[in-house]
Amino acid sequence: MSIQEQHRDNRRRTLRGPVMILGTVMTFVYLGLGILLLVKKDFFADIPIEFRNIFAVLLIVYGLYRGWRVYWDYYRS
């Protein structure tokens, strides 16, 4: 293994922890905001309910996708 490959490997391991934590937190933020928009009807009451529900479903789907990616990249091994 060359010095460049060792340095690249070391950098990946160093950044792995904070990126994993940020990805996990953002997954819960997306899921939480999506569920909040679906459950609380007076949250963002100025936005029409159809658009708010579409946005909430998109947030939940994206949160599930982010959660799957975080699991696949960091927790699987």
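I looked up phenylalanine 44 to begin with, and in this predicted model its relative accessibility is 48%, so I entered phenylalanine 44 as partly exposed. The cut-off matters for this entry, because a residue counts as exposed over 50% and as buried under 20% relative accessible area. Phenylalanine 43 I also noted as partly exposed, its relative accessible area being 26%.

I then turned to ring pairs, and my search of the whole structure returned 5 aromatic pairs. One of these joins phenylalanine 43 to phenylalanine 44, with 4.8 Å from centre to centre and 55° between the planes, and I recorded this pair as tilted. For tyrosine 65 and tryptophan 68 I found ring centres 6.3 Å apart and planes at 35°, so I entered that pair as tilted. Both values had to be checked against the limits, because rings pair if their centres lie within 6.5 Å, and planes under 30 degrees apart would count as stacked.

Next I asked where along the chain the second pair sits. Tryptophan 68 has its place in helix α2, and I noted that this helix covers residues 49-75, with tyrosine 65 and tryptophan 68 being 3 residues apart in it and therefore separated by about one helical turn. On accessibility, I have tyrosine 65 at 43%, which counts as partly exposed, and tryptophan 68 at 46%, likewise entered as partly exposed.

Which residues do ring pairs link into a cluster? I listed Tyr30, Tyr62, Tyr65, Trp68 and Trp72 as its members. I set beside this a nonpolar patch on the surface, formed by Tyr62, Tyr65, Trp68, Tyr71, Trp72 and Tyr75, for which I wrote down about 680 Å² of accessible area together. Tyr62, Tyr65, Trp68 and Trp72 therefore appear in my notes both in the ring cluster and in the surface patch, and the partly exposed state of tryptophan 68 follows from its relative accessible area of 46%.

Last, I took the values for the whole protein. I counted 2 helices and 0 strands, and of the 77 residues I found 16% to be buried. The accessible surface comes to about 6,300 Å², and carbon and sulfur atoms hold 67% of that surface. When I restricted the contacts to residues at least 6 apart in sequence, 56% of them joined residues at least 24 apart.

Definitions and conventions: Residues numbered from 1 in each chain as written. Predicted model: local features only at pLDDT ≥ 70, side-chain atom pairs only at ≥ 80, totals over all residues. Heavy atoms only, no water. Phe/Tyr/Trp six-rings, centres within 6.5 Å; stacked < 30°, edge-to-face > 60°. Buried < 20%, exposed > 50% of the residue type's maximum accessible area, 1.4 Å probe, protein only. Helix = DSSP H or I, 4+ residues; strand = E, 2+ residues; numbered from the N terminus. Contact = heavy atoms within 4.5 Å. Areas by Shrake-Rupley, 256 points an atom, 1.4 Å probe, with all protein chains shown as cover. Patch = residues over 30% accessible without salt bridge, like charges linked within 9 Å, V, L, I, M, F, W, Y side chains within 5 Å. Salt bridge = Lys/Arg side-chain N within 4 Å of Asp/Glu carboxyl O.
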